[in-house]
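Hi everyone, and thanks for coming. Let's take a slow walk through one structure together, and do stop me if a word is new to you.

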Amino acid sequence: CGICGTLPGPTLTDPLGAYPLSGLRIKALKNTMLVGFTFHNQGKADTIRLTTPTGTVLQSIVAPALTPTYTASIAWPLTAGTSYNLINVTGSSGMYTSYSSYPTGNGSIEVDGWVNALYTVDTTYWFTFTDIRTCP
């Protein structure tokens, strides 16, 4: 698919508790395809969604139980200049760590912070998703 990019993210060390609909706010810097990511979780089945900044679901995939490091292979188009939420649905499923080097990107997308169920963005932690892969 041409020159692809990976945004590795930090090592996630702590289990999330009571953060439903949380994850990362990403922004497409150019038209690209989100082709994969690693979902770090606590071994529970969960639904992962790509939404608008206000929560409208655009895409979704189910992560099976008993896969605490689930590698998703997808083909979700992202439009240049548009922000999205990459979230997991279950409140006590994901992982996180302290992080403050926002925004961070791979040339095709940038991560602007973590997002909660109210779809507000914060820049003190990194939630649940790493190895975010894009292809032009």
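Let me begin with a word we need straight away: strands here are DSSP runs of E with at least two residues, while helices are runs of H or I with at least four residues, and both are numbered from the N terminus. With that in hand, find Pro103, which sits in the loop between β9 (95-98) and β10 (104-105). The peptide bond from Tyr102 to Pro103 is cis, and its omega is near -15°. For background, most peptide bonds are trans, and most residues other than glycine have a negative phi.

Two housekeeping remarks. This is a predicted model, so to speak of a local feature we ask for pLDDT of at least 70, and side-chain atom pairs count only at pLDDT 80 or more, whereas totals for chains, interfaces and linings use all residues. Residues are numbered from 1 along each chain as its sequence is written, and side-chain values use heavy atoms, with hydrogens and water left out.

Now the sheet. In what order do the four strands of the open sheet come? The order is β1-β14-β4-β7, and the pairing is antiparallel; two strands pair if DSSP finds at least two bridges between them. At the edges stand β1 (5-7) and β7 (69-78), each with a single partner strand, so one side of each has no neighbour in the sheet. From one strand to the next, the twist averages 20°; the axes behind such angles are lines fitted to C-alpha atoms, for helices over the stretch in contact, and the angles run from 0 to 180 degrees between N-to-C directions.

Let's look inside that sheet. Strand β4 (residues 32-40) pairs with strand β14 (residues 129-135) over five bridges, in the antiparallel sense. One of the residues to find is Met33, whose bridge partner in β14 is Cys135. On to β7: β4 and β7 pair over eight bridges, again antiparallel.

Strand β7 also has a nice pattern. Which of its side chains point to one face and are buried? They are Tyr70, Ala72, Ile74, Trp76 and Leu78, while Thr69, Thr71, Ser73, Ala75 and Pro77 point to the other face and are not buried. By buried I mean under 20% relative accessible area; exposed is over 50%, and partly exposed is in between, using a 1.4 Å probe and protein chains only.

Back to Cys135, please. A search of the whole structure finds one disulfide, where a disulfide is a pair of cysteine sulfur atoms within 2.5 Å. Its two residues are Cys4 and Cys135, with sulfur atoms 1.9 Å apart. Why does this pair tie together parts that are 131 residues apart in sequence? Because Cys4 lies in the segment before β1 and Cys135 lies in strand β14. The torsion about the S-S bond of Cys4 and Cys135 is about 105°, so the disulfide is right-handed. Cys4 is partly exposed, at 42% relative accessibility, whereas Cys135 is buried, at 6%.

Next, meet His40, a residue of strand β4. Buried or exposed, what does His40 count as? At 18% relative accessibility, His40 counts as buried. Across in β7, Thr69 stands opposite His40. The side chain of His40 also makes a polar contact with the side chain of Thr130, at 2.6 Å. A polar contact is a pair of N or O atoms within 3.5 Å; within protein, one must be able to donate a hydrogen and the other to accept it, and residues adjacent in sequence count only if both atoms are side-chain atoms. Not counting residues up to four places away in sequence, His40 touches several residues, among them Leu12, Pro68, Gly94 and Thr128; contact means heavy atoms within 4.5 Å.

That brings us to Thr128, in the loop between β13 (125-127) and β14. Phi of Thr128 is near 70°, a positive value in a residue other than glycine. At 0% relative accessibility, Thr128 is buried. Leu66 has a positive phi too, of about 65°, although it is not a glycine. You will find Leu66 in the loop between β6 (57-63) and β7, and at 75% relative accessibility Leu66 counts as exposed.

That's my tour, so please ask away!
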